Amino acid sequence: MLKLRKKRAKPMHINDITIIDDAKLKKAITAAALGNAMEWFDFGVYGFVAVALGQVFFPGADPGLQMIAALATFSVPFLVRPLGGVFFGRLGDKFGRQKVLSITIIIMSISTVSIGLIPSYASIGIWAPVLLLAAKLAQGFSVGGEYTGAAIFVAEYSPDRKRGFLGSWLDFGSIAGFILGAGVVILITSIVGDENFLSWGWRLPFFIAAPLGLIGIYLRHALEETPTFQQHVEKIDSNSRKEIAEPPRVSFREIFTKQWKALIVSVGLVIATNVTYYMLLTYMPSYMSHSLHYSEDHGLIIIIAIMVGMLFVQPFMGLLSDRFGRKPFVIIGSIGLFILAIPSFILIQSNVIGLIFLGFLILAVLLNCFIGVMASTLPAMFPTNIRYSALAIAFNVSVMVAGITPTFAAWLVEATHNLFMPAYYLMVVAVIGLVTGIYMKETANKPLKGETPAASDRAEAKEILQEHHDNIEQKIEDIDVQIAELQSKRKHLIDQHPEIQ
């Protein structure tokens, strides 16, 4: 007689669903976004003063080489970001996310302010670029744990149904920081004049990192650890009391052998996002002034206007991803980038304000497709006990590759004299993004990997619980149908072959 046993899932109760405290959630998002804003404030300032830095720290070189040298100083720190990621990732998985984020913002603040204190090449010679590089390396090391930690912090604090929208505010902070950095450069230049800005005015934007850092340190120090990590620690403590052996941390070999698919998808998503990011926000100001010979104010105003528009689009993308999923945005963004990269650069090279603006707008909206979902997608790919370490490895190795974008793009244009090389660069990256989008798993409206659901309030928790029970019942019905079909096939087989009964 054919016997099939139906294995029923362990029933979920309302107390198994985490209710997120709204006040703590708002504080977490504000503190995480502020640190990201500070990181991109420096990127914005550095990108817009690259020409001035080239003259201050690399005098005597050809103007094109000065710009490449200044952008190279921006790119080299990306080589140490994986080291920072490994270091802070281990700390974050062992001691918690909040403590690590408090440390990284302190290092970021000090290293950014120190750039404004470095004497020029004319004053101390070769030590000037050496000290600049040292400050950028310290930044790179701290940033290695900053974005991944902030993304994890927001993701672990967010309800499942709102993780895309809430995660999008992290990169809202990035864009806002970049706009603030660019705006400060324009304001100071207009007040002190080009000559004084080259002499000493370029230092002032870096000093603004001090008050920003103090605010960030205060906010992060006052935060509580994420509910997800607290539950993880409680589970370990409970297992320890029951004398169940559970390793406190996971080896890197285990991360690479068990999580390699998630690592590859993460690398692809970060490369597609950050190459586009650095191309548009860091390289394009120099491209417009040096390669296209537009006035610096001409290019700055257009880019800042585009970034302001991105601020409004960014949360909207995150909100839509909670409704339609993350995958569609990665796929649409990649296809759009491949098809529209060259047309966008044709518009940017037109020397017509309206068309230049349109070219940047196209690239900006496509960039929003990526950054609108990245912060909510990446943390959901890894379990809690290795989330910080695994994500820090994947993210920072990818960013190390993406970080050469400004330098490599500038070199390609100088070497080939082809103004469309940045567009070709973006098309290659679009292919990487498309493959990533096709193979990535959908994470929208689902709990973080290995965790129980999280809800905004008890009413939402009841809805989630009802959906869970409905899904269980549907699976049971499906099993019943399969059993009936098998029994029918068995009866038909016996009817045709009585001897096998």
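The largest pocket of this predicted model holds about 620 Å³ of space. Here a pocket is, on a 1 Å grid over the protein atoms alone, an open set of points where a 1.4 Å probe fits, with protein on both sides within 12 Å along at least five of seven lines; its volume is the space filled by probe spheres set on the points. Local features need pLDDT of at least 70 and side-chain atom pairs pLDDT 80 or more, whereas totals for chains, interfaces and linings use all residues. Residues are numbered from 1 along each chain, and side-chain values use heavy atoms, without hydrogens and water.

The lining of the largest pocket comprises 26 residues, each with an atom within 4 Å of a point. Ala262, Met381, Met440, Lys441 and Lys449 lie nearest the centre of the pocket. Helix H13 (260-291) and helix H19 (421-439) each contribute at least two residues to this lining, and H13 gives the most, with six. Helices are DSSP runs of H or I with at least four residues, numbered from the N terminus. By class, the lining has 14 nonpolar, five polar and seven charged residues; Ala, Val, Leu, Ile, Met, Phe, Trp, Tyr, Cys and Pro count as nonpolar, Asp, Glu, Lys and Arg as charged, and the others, Gly among them, as polar.

H13 also packs against helix H16 (residues 353-377), at an angle of about 145 degrees and with the axes 9 Å apart. Axes are lines fitted to C-alpha atoms over the stretch in contact, and angles run from 0 to 180 degrees between N-to-C directions. The crossing of H13 and H16 is left-handed, a term for a near helix turned anticlockwise from the far one by less than a right angle, right-handed being clockwise. Among the residues in contact (heavy atoms within 4.5 Å) are Leu269, Tyr277 and Met288 of H13 and Phe360, Leu367 and Thr377 of H16. This contact divides into 15 nonpolar, four polar and no charged residues.

Helix H7 (residues 127-157) takes part in two further packings. The axes of H7 and helix H8 (residues 163-199) come within 9 Å and cross at roughly 150 degrees, which means that H7 is roughly antiparallel to H8 (angles over 145 degrees). This crossing is right-handed. Tyr147, Ala150, Ala151, Val154 and Ala155 of H7 meet Arg163, Leu166, Gly167, Leu170 and Asp171 of H8.

With helix H17 (residues 387-402), H7 packs at about 130 degrees, the axes 9 Å apart, and is therefore oblique to H17 (angles from 35 to under 65 or over 115 to 145 degrees). H7 passes H17 in a right-handed crossing. The H7 residues in this contact include Tyr147, Ile152 and Glu156, and those of H17 include Arg387, Leu391 and Phe395.
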